[in-house]
Amino acid sequence: QISAILTSFRNDPPKQMAGKQITQAEDYSTGKRTVFADHHEEDIDLPKSNVLKYFLEDGSWFCLRPSGTEPKVKFYFAVKGTSLQDSEQRLAALSEAVMKTVDGIV
């Protein structure tokens, strides 16, 4: 299941999440950033790793990677809100949308 999740996100990246367009994707295994507005790629200077990171139009992002010590996928989220309450709502919406996508894969 771990491999299926990462393969799906890597080969068929989501176009939006929580109602926001995904503007960029970084694949640390290839060292490439894809900018979806004009479909060009840029190099990223980070160590090679099985990590995928997606940036949303509102400045939020989410990242996924396999755990190095356990058989599970780890997810990381960052949001930008106008207040603590707004940020908490954005975080809940984003994490729920990502988990719903994962549930559709497994």
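These legends describe close-up views of a predicted model.

**View 1. The whole protein chain holds two helices and seven strands.**
Along the sequence, the elements follow the pattern α-β-β-β-β-β-β-β-α. The radius of gyration is 14 Å, close to the 13 Å that the globule rule gives for 106 residues, so the protein chain is as compact as a globular protein of that length. Along its principal axes, the C-alpha trace spans about 35 × 35 × 25 Å. Of the contacts with a separation of 6 or more, 41% link residues 24 or more positions apart.

**View 2. The surface and charges of the protein chain.**
The exposed area is about 6,500 Å². Carbon and sulfur atoms supply 50% of that area. Buried residues make up 29% of the 106 residues. The protein chain carries 13 positive and 15 negative charges. The mean positions of these two sets are 3 Å apart.

**View 3. Strand S1 meets strand S2 through a hairpin.**
S1 covers residues 16-17. Two bridges join S1 to S2, and the two strands run antiparallel. Gln16 of S1 stands opposite Gln21 in S2. Two residues lie between the strands of this hairpin.

**View 4. Ala18 sits in the loop between S1 and S2.**
The phi of Ala18 is near 55 degrees. That is a positive value in a residue other than glycine. Is Ala18 buried, partly exposed or exposed? Ala18 counts as partly exposed because its relative accessibility is 37%, between the 20% limit for buried and the 50% limit for exposed.

**View 5. Strand S2 pairs with S3 in the antiparallel sense.**
S2 covers residues 20-27, and S3 covers residues 32-35. Four bridges join the two strands. Glu26 stands opposite Arg33 in S3. Gln24 has Val35 in S3 as its bridge partner. The hairpin of S2 and S3 has four residues between the strands. Gly31, in this hairpin, takes a positive phi near 70 degrees.

**View 6. Strand S2 also pairs with strand S5.**
S5 covers residues 52-56. The two strands run antiparallel, with five bridges between them. Ala25 stands opposite Tyr54 in S5. S2 thus appears in three pairings described here: with S1, with S3 and with S5.

**View 7. Thr23 is a residue of strand S2.**
Which residues does Thr23 touch, leaving aside those up to four places away in sequence? Thr34, Val35, Phe36 and Ala37 are among them. Phe55, Leu56 and Glu57 complete the list. Ala37 lies 14 residues from Thr23 along the chain. The C-alpha atoms of Thr23 and Ala37 are separated by 6.6 Å. Thr23 is partly exposed because its relative accessible area is 28%, between the limits of 20% and 50%.

**View 8. Strand S3 has a covered face and an uncovered face.**
Arg33 and Val35 form the covered face. Lys32 and Thr34 form the uncovered face. Residues from both faces have partners already named or still to come: Val35 is the bridge partner of Gln24, and Lys32 has Asp43 as its bridge partner. Thr34 and Val35 are also among the residues that Thr23 touches.

**View 9. Strands S3 and S4 pair in the antiparallel sense.**
S4 covers residues 40-43. Four bridges hold this pairing. Lys32 of S3 has Asp43 in S4 as its bridge partner. The hairpin of S3 and S4 has four residues between the strands.

**View 10. His39 lies in the loop between S3 and S4.**
The phi of His39 is near 55 degrees. This is a positive value in a residue other than glycine. Is His39 buried or exposed? His39 is exposed because its relative accessible area is 65%, over the 50% limit.

**View 11. Strands S6 and S7 form a hairpin.**
S6 covers residues 61-66, and S7 covers residues 73-78. The strands run antiparallel. How many bridges join S6 to S7? Six bridges join them. Pro66 has Val73 in S7 as its bridge partner. The hairpin passes from S6 to S7 through six residues.

Note on methods:
Residues numbered from 1 in each chain as written. Predicted model: local features only at pLDDT ≥ 70, side-chain atom pairs only at ≥ 80, totals over all residues. Heavy atoms only, no water. Rg over C-alpha atoms; globule rule 2.2 N^0.38 Å. Buried < 20%, exposed > 50% of the residue type's maximum accessible area, 1.4 Å probe, protein only. Contact = heavy atoms within 4.5 Å. Areas by Shrake-Rupley, 256 points an atom, 1.4 Å probe, with all protein chains shown as cover. Lys, Arg positive; Asp, Glu negative; His and termini not counted. Charge placed at Lys NZ, Arg CZ, Asp CG, Glu CD. Pairing = 2+ DSSP bridges.
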